[in-house]
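Q: Hey, can you walk me through the aromatic residues in this one? Here it is.

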Amino acid sequence: MSSFDLLGISGSLRKSATNRFLIREAARLGAATSFIEADLRLPLYDGDLEEAEGIPASVQTLADQIAAADAVVISTPEYNKGISGVLKNALDWVSRTKGGPWAGKPVAIMSATAGRAGGERTQFNLRHAMMPFRPRILQGPEVLVGGNMNEFDENGQLTGERYQQTLTDLMNALKAEVALTR
């Protein structure tokens, strides 16, 4: 594949969130030609706001980034056995934009959490939440980084070969899915 433009979405707003590290690792291990990290600092979805002011510019930017990317990687923590509020808010807002930017888009899902399960529930919930948008969500391999605080070095890179290999395999599968659309 000659080029591979990747958009990374972290379900955590923290600057040093391990889910941010994980999407960056996906871009690095997947050899993305270009990588943009989405900004989910969006206003809370409010139908009255949308009616009065339209789609906020920050939401339209995110929708345009999704549409322009060859593929998207989403990494989310597990908050109370589900996806984070900021990620759900972003999905809700983008669903209100024109053009259906998620339709047919290759998407890889991953998670980094403090718990041993590594975010199995959040990944299940995210797949369910995205179903109406009709993206092409990869079914595997699953990247579930448990005990996240011990799995990244001071530079934000994965330290364990097992996680690096699984993430590399997922990114190769994502690139193969992108190749099907070209």
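A: Sure, let's start with Trp-93: at 0% relative accessibility, this residue counts as buried (buried is under 20% relative accessible area, exposed over 50%, partly exposed in between, with a 1.4 Å probe and protein chains only). This is a predicted model, where local features need pLDDT of at least 70, side-chain atom pairs count only at pLDDT 80 or more, and totals for chains, interfaces and linings use all residues. Residues are numbered from 1 along each chain as its sequence is written, and side-chain values use heavy atoms, leaving out hydrogens and water.

Q: And Tyr-45, is that buried or exposed?
A: Tyr-45 is partly exposed, at 31% relative accessible area.

Q: How many aromatic pairs are there?
A: Two aromatic pairs. Rings of Phe, Tyr and Trp (its six-membered ring) pair if their centres lie within 6.5 Å; planes under 30 degrees apart are stacked, over 60 edge-to-face, and the rest tilted.

Q: Why is the pair of Phe-21 and Phe-152 tilted?
A: Their planes are at 55°, so the pair is tilted, and the ring centres are 5.7 Å apart. Both Phe-21 and Phe-152 are buried.

Q: What about Tyr-45 and Trp-93?
A: Those ring planes are at 75°, so the pair is edge-to-face, with centres 4.8 Å apart.

Q: New topic: what's with Arg-162?
A: Its charged end sits over the ring of Tyr-163, 4.5 Å from the centre. For that, NZ of Lys or CZ of Arg must be within 6 Å of the ring centre and within 35 degrees of the ring normal.
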